[in-house]
Amino acid sequence: MRDYFAASLWRRAGLRINETEKLDVKDWRPDLGVDGRLHLDGRVILLAPQVEQRLRAYLDVRDRRWPLTANPHLFITQFTARRISPVTSAWVNKTLGMTAQSIREDRILDEARESGGDVRRLCALFGVSVGTALRYTATLGHPGLTEVNIHLRRPPQ
């Protein structure tokens, strides 16, 4: 459950690995609106309904498995449950089977494509600078990527 929720969070919310490590149980604030929201370093991250459902399910499992833990971090393991330290980036990447950064980059590229290259939206959603958002939107009209997309979408013969 935890790993599934974690992958969902990285894929849909595009969190950085260091943001994931620092997430605290209290960063989730469902009391501040209809949608679940993560409050992280001055940034509010709206959670898709599916991600919020997985978060609720994960927190139920977390509370049942480690009811007496003093660890305030959202993600804990059998080792960190006995401490107050966060999970490590090595744990995050091992859990995913790939780097969290690659999932984040893929998510930002998807959003750049879906939003038609809306730089302001990329900055707001992912906490990136304008320069970083422009690098992602620069891929939109790239002929090599268009050819790949056309090739991948061609019906099988």
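Biologist: Where is the place of asparagine 71?
Modeller: This is a predicted model. In it, asparagine 71 sits between two helices, α3 (49-65) and α4. Its place is the loop between α3 and α4.

Biologist: Does asparagine 71 count as buried or exposed?
Modeller: Buried means under 20% relative accessible area. Asparagine 71 has 2% relative accessibility, so it counts as buried.

Biologist: Which backbone oxygen lies 2.8 Å from a polar atom of the side chain of asparagine 71?
Modeller: Start with what asparagine 71 touches, leaving out residues up to four places away in sequence: Arg62, Ile76, Thr80, Ala81, Arg83, Ile84 and Ser85. One of these supplies the backbone oxygen, at 2.8 Å from the side chain's polar atom. That oxygen belongs to serine 85.

Biologist: Which element gives the most to the largest nonpolar core?
Modeller: The largest nonpolar core has 27 residues. Those with the most contacts inside it are Phe5, Leu9, Leu15, Leu23, Leu47, Leu74 and Phe75. At least two residues each come from α1, β1 (37-40), α3, α4 and α5. The most, five residues, come from α1.

Biologist: How many residues are in the other core?
Modeller: This other core lies apart from the largest one. Ile108, Val119, Val128 and Tyr136 are among its members. Its residues number nine.

Biologist: What separates the C-alpha atoms of asparagine 18 and valine 92?
Modeller: Asparagine 18 lies in helix α2. At 37% relative accessibility, it counts as partly exposed. Along the chain, asparagine 18 and valine 92 are 74 residues apart. In space, their C-alpha atoms are separated by 9.8 Å.

Biologist: How far apart are the end C-alpha atoms of helix α5, and what span should its 15 residues have?
Modeller: Helix α5 covers residues 100-114. The expected span uses 1.5 Å times one less than the number of residues. For the 15 residues of α5, that gives 21 Å. The end C-alpha atoms agree, at 21 Å apart.

Biologist: What covers the buried residues of α5?
Modeller: First, the buried residues of α5 are Ala100, Ile103, Arg104, Arg107, Ile108, Asp110, Glu111 and Ala112. Several other helices help to cover them. The cover includes α1 (2-13), α2 (17-22), α4 (89-96), α6 (119-126) and α7 (130-137).

Biologist: Which residue forms a salt bridge with arginine 56?
Modeller: The structure holds five salt bridges. In this one, the closest N and O atoms are 2.9 Å apart. Both partners lie in helix α3, four residues apart, about one turn of the helix. Arginine 56 is partly exposed at 41%, and its partner, buried at 11%, is glutamate 52.

Biologist: Which residues are linked in a network of salt bridges?
Modeller: Arginine 107 and glutamate 111 meet at 2.9 Å, N to O. Both are buried, and both lie in helix α5, about one turn apart. Arginine 121 also bridges to glutamate 111, with the closest N and O atoms 2.6 Å apart. The linked residues are Arg107, Glu111 and Arg121.

Biologist: Which helices do arginine 121 and glutamate 111 lie in?
Modeller: Arginine 121 is partly exposed, at 41% relative accessible area. Glutamate 111 is buried, at 6%. The pair ties together parts that are 10 residues apart in sequence, because arginine 121 lies in helix α6 and glutamate 111 in helix α5.

How values were computed. Residues numbered from 1 in each chain as written. Predicted model: local features only at pLDDT ≥ 70, side-chain atom pairs only at ≥ 80, totals over all residues. Heavy atoms only, no water. Buried < 20%, exposed > 50% of the residue type's maximum accessible area, 1.4 Å probe, protein only. Contact = heavy atoms within 4.5 Å. Polar contact = N/O pair within 3.5 Å; in protein donor to acceptor, adjacent residues only side chain to side chain. Core = buried A, V, L, I, M, F, W, Y, C linked by side-chain atoms within 4.5 Å. Salt bridge = Lys/Arg side-chain N within 4 Å of Asp/Glu carboxyl O.
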